[in-house]
Each structure stands twice: as structure tokens, then as C-alpha cells.
Amino acid sequence: MKQWQIRLIACCLAGWLVGGAAWAETTNVAEPAGETAAAQELPAATEVATGEAAASVGKAELHRNEERGEYLVWTLADIREDDPTSADFRLGGVALGSDFAALKKAFGVPERRVERDGSAQWYWPGVTASVQRSLPYDAATAERIGVDPIRTVPGLAQLTVEKEAYPAARGIAVGNSRENIIRVYGAPTEVRWEPQTGVTNYIYRAPAPSREELIFRIRQMQIETITLRYAPQPAAASAPLLPAPARLAGVALQEVFTQPPYTDWDYRIEQDYVQVWLYPDFGVTLDKESGRTERVFLRSNHVSTAKGIALGDSLSTILRAYGAPTIVAEQNEDSLQLCYYPLPQRDAYLVFVVNTEKDQAEDIILTTSTIRRVLPREARYGLEMQETGVSDER
């Protein structure tokens, strides 16, 4: 390959590989030129069940520019090391099972009420509540006739807020950043990504036997709504014979790759032994001969790991969610640190490439092997610049 062709391919790859990773604005960034920012002081720290003041949940700065209009940039919240208890599953100052008097005290007189089968929906500006009536039988009878026993508990069964005035028990409210949820509540019990809508749900469940569940609905890296509800009745779980395959962005490691139905690919990169498919939010490296996935890597912070970590997150946030890594590889001259977390699946690692100077995760990679080359960036994904060829056939 001629030298000018190699340089041209290098320039193209740089744009393709990092083009979707617009994550630098998720933390406390420098003031962009031509913008104004007004610091918004948060209300006084909310009181948790113990009566102690909650830790800082960060501070929002309102930024303005012609291209994006108004948007918020949040500073990092203080890390809380204690995991949530049942006392933390409150929203807007009320808990599940609260009666209408408690709801009226918290939110005022409702605008309207809609009757439903066995319950009533109450509506306030930015607040929706579902209140259950008492049933004429107990929990044991309900279970015997196939009704979820939680339906026999009268009072508040579900509450959704869309206003920052009604925070969860630990002070996290609508508008706060995705990363701060993890810093305050820890790793979610479950992360549900909805690629068709651009929404991610961070779900926290109270310790058993409690059924409380908090759902933070996230869009564009900020909390859009918060829901407190009873979790669905768990199904009887059977013990798996083998660990479930490790996944990132919905793609399973070491399995034959098939095109995901929820997104279209942008580019395909061919080499002697590997093939790389680039999508708007993630990329996949395949063994060309077997078609099996060798690596999955993220390209935007609209997708997170199973514990909620996304590109741009601080190292301290990663440690809050995953604990200390098993392997740490330092690239001191490049201010890079590779944090390895082995997964239950054999020969599977989740690797965070952290820029220690910026304190940001600049790569998140699910891989079948350790990463031998870190620079140039495409080497992390299993590519070699001098041999790269590009195909854009569809």
C-alpha cells in the first residue's frame, strides 16, 4: 500500500472510531467560548431516614449557546459507599403504601382523578400516582387464585415525577446527571437500554423480601423521570448450567455475530484476520474465519455497561460500581490506565481505559483477551494501521 493511502486511511479511521464519542461535556468542563453559565445552587440537602444530611448530589451549571440552546452541566456528586436500604426507597417524601392524605400533603390538591380497575390515578403538575384500594381477600388467597399478593396492599402503588422539586430519598432529582446516580446509589440492580427511543433505565430494587423499586429514566445523559413502584412478582428462577454470555450494547462475546435489528451500521473495516463493524453507539470486532465476536467497544455515552458506567465517567465512579480491578496496567507516558475486570464467562474481560489526566473513561471494551497495544487508539479494537483496508459495501 502506498504511503499516502495509509495516511488517508489513518485520518478516516480516527474520525470513524471516535466520531460518536461526544462525552467530554458530561463532567465539570471548562467554559466553552461564546457561552454563558449561571451556577444553580441546589436546595438544602434533603434529610434521609436517619435524620442525617444527605451527601452532596452535585451542582448544576446552566450553559447556553446558539447550537444547543440551554443545557445543564453537572459537577460530580460525593461518593456514598453505603448501599441503599428500604429507607432510601422514597420519592417526593412519600413511600409506597402511603394514603391519599400523605400524597396531598406532599403534592397539594390534585388536578384530576381517573378511576381504574381496583385503583385510582391521581394527577398533579409533573406527578402521577396510582393508589390501590383494599381487596376483599388477603395475600394468601391472592396467591392461591393467581393474583400478585402485592395487590392486596392498599395505598400508593406507583409514583412517577417529572419535576426536580421532588427528589428521591438520597437527594437525586430529575435533571441530575446519569453518572451521579451511581455515585449516590451505587451500581443499579439492572440496566435496560432502549436503543429505539434513546432511553436508558437504571433500576434499583430494595433488599428482599421488600418489593420497592426505583427507576431512573435517562435521556441525553440526564434524568428525565423517576418512578417508585412495586417490582413485578419475580418468577421462579432455575439455576443456569453455564454463566450467561458477557454482553455490551446488546452484543454477546464469543458468539457468532448477527446484525442487531435496533440500529444500522455506519462502516465496516476489513483486515487479514478481523472484521470491525462500526455502529453509531458501539463497535464490534469479529474473527473473520469463525464470525465470532472478539471485542465490543462503546463509541458514545448513550450506552452503558450492565452496572451503568459509560464513556466519560470518572475512575471513582467506576470503582463505586465495580470495586477494585483485578489487573491494572499503566501507560504513564500517555496518562492512561487500563482497569481489567474478569467476568464469569471464560476468557472474558471488561476493560476501562481511563485517561488519568482528565479523570475520564475514554474507552470501554469487552474483550476475549488482554489488550496488548493501547496506542494508536484503533489498536485497542484489534486493528493494525499499516494493514487496514476499508469496505463500505452494503
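This is a tour of a predicted model, from one sheet to its cavity and salt bridges.

Residue numbers start from 1 along each chain as its sequence is written. Because the model is predicted, local features need pLDDT of at least 70 and side-chain atom pairs count only at pLDDT 80 or more, while totals for chains, interfaces and linings use all residues, and side-chain values use heavy atoms, with hydrogens and water left out.

**Stop 1: the sheet**

Select β4 to β11. Strands here are DSSP runs of E with at least two residues, numbered from the N terminus. Two of them pair if DSSP finds at least two bridges between them. Eight strands form an open sheet in the order β4-β5-β6-β7-β11-β10-β9-β8, paired antiparallel. At the edges are β4 (112-116) and β8, each of which pairs on one side only. From one strand to the next the twist averages 15°; the axes behind such angles are lines fitted to C-alpha atoms, and angles run from 0 to 180 degrees between N-to-C directions.

**Stop 2: β9 and its two neighbours**

Now narrow the selection to β9 (199-205). Is β9 largely enclosed or open? Six of its seven residues are buried, so the rest of the structure largely encloses β9. Buried means under 20% relative accessible area, exposed means over 50%, and partly exposed lies in between (1.4 Å probe, protein chains only).

Add β8 (residues 190-194), which runs antiparallel to β9 and is joined to it by five bridges. E194 stands opposite V199 of β9. The two strands make a hairpin with four residues between them, and G198 in the turn has a positive phi of about 75°.

Then add β10 (212-219). It pairs with β9 in the antiparallel sense over seven bridges, and six residues lie between the two strands of this hairpin. To check the register, label Y204 and its bridge partner L214 in β10, then I203, which stands opposite I215 in β10.

**Stop 3: the cavity**

Keep β9 and β10 on screen. Each supplies at least two residues of the lining of the largest cavity. How many cavities of 30 Å³ or more does the structure hold? There is one, and the largest cavity has about 80 Å³ of space.

A cavity is a set of points, on a 1 Å grid over the protein atoms alone, where a 1.4 Å probe fits but cannot get out; lining residues have an atom within 4 Å of a point. Grid points are joined across faces, edges and corners, and the volume is the space filled by probe spheres set on the points.

To show the lining, select R178, G198, T200, Y202, I218, R219, Q220, M221, N301, H302, V303 and S304. These residues divide into four nonpolar, six polar and two charged. In that split, Ala, Val, Leu, Ile, Met, Phe, Trp, Tyr, Cys and Pro count as nonpolar, Asp, Glu, Lys and Arg as charged, and the others, Gly among them, as polar.

**Stop 4: salt bridges**

A salt bridge here is a side-chain nitrogen of Lys or Arg within 4 Å of a carboxyl oxygen of Asp or Glu. The count by this rule is 20.

Start with E115 and R113, whose side chains meet at 2.4 Å, N to O. E115 is partly exposed at 43% relative accessibility, and R113 is also partly exposed, at 42%.

Next, pick E213 and R229, a salt bridge at 2.6 Å, N to O. This pair links distant parts of the chain, E213 being in strand β10 and R229 in strand β11 (residues 222-230), 16 residues apart. E213 counts as buried, at 0% relative accessibility.

Move to E362 and R380, where the closest N and O atoms of the salt bridge are 2.9 Å apart. E362 lies in strand β21 (residues 360-367) and R380 in the loop between β21 and β22 (389-391), 18 residues apart. Both count as buried: E362 has a relative accessible area of 11%, and R380 is at 2%.

Finally, select E190, R192, R205, E213 and R229, which are joined into one network by salt bridges that share partners.

**Stop 5: I269**

Select I269 in strand β14 (residues 267-270). I269 is buried, at 0% relative accessibility. Its C-alpha atom is separated by 8.9 Å from that of L383, 114 residues apart along the chain.

Terms used: 1 Å grid on protein atoms, 1.4 Å probe; cavity = no way out; pocket = protein on both sides within 12 Å on 5 of 7 lines; lining within 4 Å.
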